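Subject: Structure handover

Hello,

Here is the structure for your files. My notes on what was found in it follow below.

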Amino acid sequence: MELSFSMINTVVCVVGVIVMIYGWRFFKWVWLKPKKMDKFLREQGLNGNPYKFLYGDMKEMVQMTADAKLKPINLTDDIVPRIMPFLYNSAKTYGKGKNFYTWMGPRPMMHITEPALIREVLNNYSQFQKLKGGNPLIKLLARGIVDAEDDQWAKHRKIINPAFHVEKLKSMLPAFYISCSEMINKWEELTKERSCEVDVYPHLETFTSDVISRTAFW
């Protein structure tokens, strides 16, 4: 009996120590480290929302996105506040032409708006790595410049760079205009008799493929 109580006490102590260790690590991950990072970023002259325990800015981001989708949008309206309302408001509040940060849970995310720094990040591709993770099957089947790293990324970028040259894009404008005009005409036909709600997503998919097919042989 004494042996049994001794074993139980030992197990309880071990479990208690394990819980304390992992509890401390969790507390450090969700609170101490983010608060330290928040202070460090502000000392560097950056601005952003104060860190909120565990969720960061995610609750506000989801709520603002849901609210934005409930509002009607006209063709002449600015699309950015509709598709990225949280980042749009954060950029207006904290960015003002400068860099700022937001919180994806306990992880801060930098948003760079200065062209010189963007160029520096793109040129130093060996130091600034992409986030790891995602579906391995998608990565296996659809590898491209988005997933490429280091020299492979530089090689892909060198290949596609000429296609995005300003003069090359200018020559594609007539193809963009034709595809866009056709899409708008279809919308006007749908709303000619009476006003109605249009699901634009399938139209935009068709528009994208139409532009690609036209510019590929332009």
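Tyr 101 has contacts with ten residues' worth of names to check in the viewer, once neighbours within four places in sequence are set aside: Asp 38, Leu 41, Arg 42, Leu 46, Asn 47, Gly 48, Asn 49, Met 109, Met 110 and His 111. Please keep in mind that this is a predicted model.

Tyr 101 also belongs to the largest nonpolar core, which has six residues in all. The other members are Val 30, Leu 41, Leu 46, Tyr 51 and Trp 103. At least two residues of this core come from helix H1 (2-43), and at least two from strand S2 (100-104).

On helix H1, there is also a record to compare. An unreviewed UniProt entry annotates residues 6-27 as "transmembrane region". In the model, that span is 100% helix and 0% strand, with 31 Å between its end C-alpha atoms.

Next, the pocket. The largest one holds about 870 Å³ of space. Its lining consists of 19 residues, and those nearest the centre are Ile 73, Asn 74, Leu 75, Val 198 and Val 200. By class, the lining divides into 12 nonpolar, five charged and two polar residues.

Which helix gives the most to the lining of this pocket? That is H8, with four residues. Helix H8 spans 166-190, and helix H3 (80-83) likewise supplies at least two residues of the lining.

Regards

Conventions. Residues are numbered from 1 along each chain as its sequence is written. This is a predicted model: local features need pLDDT of at least 70, side-chain atom pairs count only at pLDDT 80 or more; totals for chains, interfaces and linings use all residues. Side-chain values use heavy atoms; hydrogens and water are left out. A nonpolar core is a set of buried Ala, Val, Leu, Ile, Met, Phe, Trp, Tyr and Cys residues joined through side-chain atoms within 4.5 Å. Buried means under 20% relative accessible area, exposed over 50%, partly exposed in between (1.4 Å probe, protein chains only). Contact means heavy atoms within 4.5 Å. On a 1 Å grid over the protein atoms alone, a cavity is a set of points where a 1.4 Å probe fits but cannot get out, and a pocket is an open set with protein on both sides within 12 Å along at least five of seven lines; lining residues have an atom within 4 Å of a point. Grid points are joined across faces, edges and corners, and a volume is the space filled by probe spheres set on the points. Ala, Val, Leu, Ile, Met, Phe, Trp, Tyr, Cys and Pro count as nonpolar, Asp, Glu, Lys and Arg as charged, and the others, Gly among them, as polar. UniProt positions are given in the numbering used here, feature names are shortened, and annotations may be inferred rather than shown by experiment.
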